[in-house]
Amino acid sequence: MSAPVVVLVGPMGVGKTTVGELLAQRLGTTCRDTDADIVEAEGRPIGDIFVEDGEEHFRALEAAAVRVALAEHRGVLALGGGSILDEDTRKLLSGLPVVFLDMDVAEAVKRVGLDTARPLLAVNPRRQWRELMEARRPLYTEVARAVVGTEGLTPEDVADAVLDAL
Ligand code: S3P
């Protein structure tokens with residue numbers, strides 16, 4: 001079975017979509033983003049899905065969107081930051097060229113702390129970020145073939161680092 005050429009995982013705001021688009025240009029392919037797939041299928045923003053139906057419902061939609069994208073897409077694939085919480089998703093990622101884009105707390109708060117469109121960091125972003133990454137870093141690391149730290153790097157630099165890492 002063929003598969004995506006690169007799968008990007010990592011926390012919200014780390015630049016998966018931007019870097020994914022750059023990688024796709026360089027590799028002569030396209031970038032697909034599972035958040036965008038969900039928004040398109042649902043016809044409403046992710047924040048509305050969280051508020052109206054709850055996180056659990058969103059996670060079920062997300063797991064299904066990842067499964068479909070992994071089966072269909074042969075280019076670069078950017079996954080929503082929480083998609084690795086799902087055990088079946090982690091199993092599906094096993095053996096694929098998965099890169100974990102990482103960033104530290106200071107960078108995260110700078111990039112997403114004030115973005116109310118991202119429901120998981122709306123209150124006390126610094127503490128929420130630390131807790132979120134403590135819970136998730138082992139899962140990102142488990143699925144990743146390579147880890148790329150993004151602090152202080154431009155998206156172009158990160159794309160270079162991803163290509164070097166693969
Ligand atoms: C989430 C990350 C977001 C989006 C949702 C939940 C998370 O995706 O799926 O707000 O749990 O980390 P991005 O990582 O693309 O921002």
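This briefing walks through the fold, the nonpolar core, one helix and the annotated binding-site residues of the structure above. The model is predicted, with a mean pLDDT of 91 for the protein and 93% of its residues at 70 or more. For the model as a whole, the scores are ipTM 0.97 and pTM 0.93. Where pLDDT is low, please do not read the predicted coordinates in detail.

**Overall fold**

- The protein contains eight helices and five strands.
- Its radius of gyration is 15 Å, close to the 15 Å that the globule rule gives for 166 residues, so the protein is as compact as a globular protein of that length.
- Reading from the N terminus, you will meet the elements in the order β-α-β-α-α-α-β-α-β-α-α-β-α.
- Along the principal axes, the C-alpha atoms fill a box of roughly 40 × 35 × 25 Å.
- Of the contacts between residues at least 6 apart in sequence, 72% join residues at least 24 apart.
- Buried residues make up 36% of the 166 in the protein.

**The nonpolar core**

- In soluble globular proteins, nonpolar side chains tend to be buried together.
- Here the largest nonpolar core has 38 residues, and L8, V9, L23 and V99 are those with the most contacts inside it.
- Two or more residues of this core come from each of β1, α1, α4 (55-72), β3 (76-78), β4 (98-102), α6 (105-112), α7 (125-143) and α8 (155-165).
- L8 is a handy residue to start from: setting aside residues up to four places away in sequence, L8 touches K16, V19, G20, A78, L79, V99 and L101.
- One of those partners, K16, also appears in the UniProt "binding site" annotation.

**Helix α2 and its surroundings**

- Helix α2 spans residues 34-42, and T34, D37 and I38 are buried in it.
- Viewed down the axis of α2, the buried residues fall within an arc of 95°, so they line one face of the helix.
- An α-helix has 3.6 residues a turn, so residues three or four places apart point the same way.
- The partners that the buried residues of α2 pack against are β2 (31-33), α3 (46-53) and α4.
- Just after α2 comes G43, which takes a positive phi of about 70°.

**The annotated binding site**

- An unreviewed UniProt entry gives the annotation "binding site" to G13, V14, G15, K16, T17, T18 and R118.
- G13 sits in the loop between β1 (6-9) and α1 (16-27).
- Is G13 buried or exposed? G13 is buried, because 20 other C-beta atoms lie within 10 Å and the cut-off for a buried residue is 20 or more.
- Not counting residues up to four places away in sequence, G13 touches A108, R111 and V112.
- T17 is found in helix α1, and T18 is in helix α1 too.
- T17 counts as partly exposed because it has 16 other C-beta atoms within 10 Å, a value that falls between the exposed limit of 12 or fewer and the buried limit of 20 or more.
- T18 is likewise partly exposed, with 16 C-beta neighbours inside 10 Å.
- What does T17 contact, leaving aside its neighbours within four places in sequence? The contacts of T17 are D33 and A78.
- A78 is a link back to the core section, as L8 touches A78 and T17 is in contact with A78.

Notes:
Residues numbered from 1 in each chain as written. Predicted model: local features only at pLDDT ≥ 70, side-chain atom pairs only at ≥ 80, totals over all residues. UniProt positions renumbered as here; feature names shortened; annotations may be inferred. Helix = DSSP H or I, 4+ residues; strand = E, 2+ residues; numbered from the N terminus. Contact = placed C-beta atoms within 7 Å. Core = buried A, V, L, I, M, F, W, Y, C linked by C-beta atoms within 7 Å. Arc of directions from axis to C-beta. Rg over C-alpha atoms; globule rule 2.2 N^0.38 Å. pLDDT = per-residue confidence, 0-100.
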